[in-house]
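Reader: I should like to go through this structure by question and answer. Please show the sequence and the model before we begin.

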Amino acid sequence: MKKLIIISDSHGNRRAIDELDGIFAESDYIIHLGDTSADGGYIRGKYPDKTVVINGNCDPVKLGDDERVLEVEDMKIFLCHGHRYSVKFTLAKLTEEAKKLDCKLALYGHTHRPRGDVLDGVTLLNPGSLSRYGNKSYLYVVVNGNKFTHKIVVSG
C-alpha cells in the first residue's frame, strides 16, 4: 500500500506548502502538478527521493516533466498539468490520452477547482489549488495493488 499526496497550482504559496510538511513526510509519493514547478522543486529539495514534479503553463523555468506515467504498485497513473488537454472545457482528450497509455487514473491541475470524474473507465482527479486565492485544496490517494481510494481535502 502506497500513500500519495498531490498538489497543484500553488503559484508561489510556500506557506501553504510548508503547512503540508507533516503529510509530505509520511507519504510515499509527493506529486506537484505544475504552476509553479519551482514550488515542486522546493518540495523536491526536502524530499528528493519521493517527489515528482510536472510542469504547468505558468512555468517559465521547467523543473519537471511535461507529463509522465507513474507506476505505483500495480497501477499506472497519468500525470499532467492539463492545459494541453483543454481540461477547462472538456475531459475527453485527457481521458483518451490516459486510455492510450493504459492508465486507470489520471491526475491533472490547471483549473484551480478540485474535481473527481469517471469517464470511460478512467478516473480523473484534480486536487484543486494551493494558491493564495480562495479555498486551498489538495488530493490524498492510497494505492493498494491495482485499486485505489482518494480524498480531496479542502481548507479555508
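Reader: Which residue in S8 is the bridge partner of Asp 117?

Author: The model is a predicted one. In it, S7 (114-119) and S8 (122-127) run antiparallel and are joined by 6 bridges. In S8, the residue bridged to Asp 117 is Leu 124.

Reader: Which residue in the turn of the hairpin formed by S7 and S8 has a positive phi?

Author: The hairpin of S7 and S8 has 2 residues between its strands. A positive phi, of about 50°, is found in that turn at Asp 120.

Reader: In what order do the 5 strands of the open sheet lie?

Author: The pairing in this open sheet is mixed. S4 and S7 are its edge strands, each pairing on one side only. Neighbouring strands are turned by 20° against each other on average, direction ignored. From one edge to the other, the order is S4-S5-S6-S8-S7.

Reader: Which residue in S5 stands opposite Glu 71?

Author: S4 and S5 pair over 6 bridges in the antiparallel sense. Opposite Glu 71, in S5, stands Lys 76.

Reader: What angle does the direction of H4 make with that of S8?

Author: H4 packs on the sheet and touches S4, S5, S6, S7 and S8. Its buried residues pack against these strands. With the direction of S8, that of H4 makes an angle of about 120°.

Reader: Why do the buried residues of H4 line one face of the helix?

Author: The residues buried in H4 (residues 92-100) are Leu 94, Thr 95, Glu 97 and Ala 98. Seen down the helix axis, the buried residues line one face because they fall within an arc of 165°. On the other side of H4, the exposed residues are Glu 96 and Lys 100.

Reader: Which residue just after H4 takes a positive phi?

Author: The helix comprises residues 92-100. Just after H4, a positive phi of about 60° is taken by Asp 102.

Reader: How many residues does the largest nonpolar core have?

Author: Those with the most contacts inside this core are Leu 4, Ile 6, Ile 31, Ile 77, Leu 79, Leu 107 and Val 141. At least two of its residues come from each of S1, S4, S5, S6 and S9. Another core lies apart from it, with Phe 78, Leu 91, Cys 103 and Ala 106 among its 12 residues. The number of residues in the largest nonpolar core is 17.

Definitions and conventions
Residues are numbered from 1 along each chain as its sequence is written. This is a predicted model: local features need pLDDT of at least 70, side-chain atom pairs count only at pLDDT 80 or more; totals for chains, interfaces and linings use all residues. Side-chain values use heavy atoms; hydrogens and water are left out. Buried means under 20% relative accessible area, exposed over 50%, partly exposed in between (1.4 Å probe, protein chains only). Helices (H or I, at least four residues) and strands (E, at least two) are DSSP runs, numbered from the N terminus. The arc is that of the directions from the helix axis to the C-beta atoms. Contact means heavy atoms within 4.5 Å. A nonpolar core is a set of buried Ala, Val, Leu, Ile, Met, Phe, Trp, Tyr and Cys residues joined through side-chain atoms within 4.5 Å. Two strands pair if DSSP finds at least two bridges between them. Axes are lines fitted to C-alpha atoms, for helices over the stretch in contact, and angles run from 0 to 180 degrees between N-to-C directions.
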